[in-house]
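This report describes selected features of the structure shown below. Please keep the sequence and the model in view while reading.

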Amino acid sequence: MNVRAAAATVLFQVVDKGYSLSSALPNAQSQLKPRDHALLQEICYGCLRYLPRLETIVNELMEKPLKGKQRVFHHLMLVGIYQLSFMRTADHAAVAETVEACQSLKGHKLKGLVNAILRNYQRNQQRLDELSVKHDAGKYGHPSWLLKLLKTSYPNEWESIVEANNTKAPMWLRVNAQHHTRDEYLKLLEAENIEADVHPQARHALRLHRACDVNQLPGFAEGWVSVQDAAAQLALEYLQPQDGELILDCCAAPGGKTAHILENTTNSEVVAIDADPQRLERVYQNLERLNLNAKVMCADARNPDEWWTGEQFDRILLDAPCSAIGVIRRHPDIKWLRRADDLAALSQLQSEILDAMWQQLKKGGTLVYATCSISPVENTEQVQAFLARTDDVELIDSDPSNPGRQILPGEHNMDGFYYAVLQKKS
């Protein structure tokens, strides 16, 4: 398949059909030669970062919108304009390849229209670019509801959050402590001319100066290292798992935190649950590559009586289902798949899981509540409500008036994340 045609198909599936980019993109890549995978990803990610800007331009140039089966060609025009605006592809090549993609999409008759739109954009680029950023959604690349949330919640930081969300995320590695220390693995990278630096708090984290294929990483196939953002790696620092404990990783897929716990404990029993059987496949794959063992179950965390008959847990990591608006730079589709009213439903779900998991925690045990969100209703307000309704809880290392730690996107080059440490009174 033509790469531009594949990109238009992915955008159509995400924007019009509501598919996640993490499912639509790999499916499209499977139909391309490996050398084209990176280009497809660059186009899809870029178009989703700047979607309102591109939409404004196409809508201005079209006499009437395309509908039905022709909608994929609307997204093909977005692909073409993105290339002309943001990529180093030669203009003539961008136009020619995008027009040629009509053939792959079985729209030979629309070649003239696509060519005309792209040529018209080239002739009027300055005016159209200025028009595309006259509204906030185009200027900042975020939907209005999300901009409102950011401005309200972070009046001093919202612009830097938007900027971080619209940049490419760095590639962070988690060094497997069973094989090497972080400094030892850093030397292995240096021997391969792969530059990296350390994180001030995540003790196993290395940030690559330039992303690379995982197969270039020393010992990746042998489990020496994994790819995981430093913010997610901080889960271990807050959970502080000890040898020989019974530990639950709740909502565990894709398994990075489960593996991190196992890499840094001995004789511990780790139970990993998730309600999505497809996502659990990633947990199995990660554990197999790393040669680690956990008890993995497909289960609804709200109903532990249905899946757990053992003793209470020493520690629970509750990485709760959330809006994921802290990881937009890695998943730009989140901006367009989420809606403002999703937050209330997610908050209710988080509350139900938190209450259920608290009953599974031993007296004196630790529960770490975590999300990859930066929404107060999912984070600080969620924990404050839990503290108010729960008698036997102690908040550790933070102030109840502003509980936990909110990491904002870009802080120490990390994703947006939230942690609160809760201890059950003896």
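P254 lies in the loop between β5 (246-250) and α14, where helices (H or I, at least four residues) and strands (E, at least two) are DSSP runs numbered from the N terminus. The peptide bond that joins A253 to P254 is cis, with omega near 10°.

The model is predicted: local features need pLDDT of at least 70 and side-chain atom pairs pLDDT 80 or more, while totals for chains, interfaces and linings use all residues. Residues are numbered from 1 along each chain as its sequence is written, and side-chain values use heavy atoms, without hydrogens and water.

Two residues that are not glycine have a positive phi. In the table, exposed means over 50% relative accessible area, buried under 20%, and partly exposed in between (1.4 Å probe, protein chains only).

| Residue | Phi | Loop | Relative accessible area |
|---|---|---|---|
| D397 | about 60° | between β10 (393-396) and β11 (405-407) | 78%, exposed |
| N413 | near 65° | between β11 and β12 | 34%, partly exposed |

The largest nonpolar core has 52 residues; such a core is a set of buried Ala, Val, Leu, Ile, Met, Phe, Trp, Tyr and Cys residues joined through side-chain atoms within 4.5 Å. Among the residues with the most contacts inside this core are L150, I325 and F417. The largest share of the core, 7 residues, comes from α13.

Elsewhere, helix α4 (residues 51-61) packs against helix α5 (residues 71-86) at an angle of about 110°, and their axes are 9 Å apart. Axes are lines fitted to C-alpha atoms, for helices over the stretch in contact, and angles run from 0 to 180 degrees between N-to-C directions.
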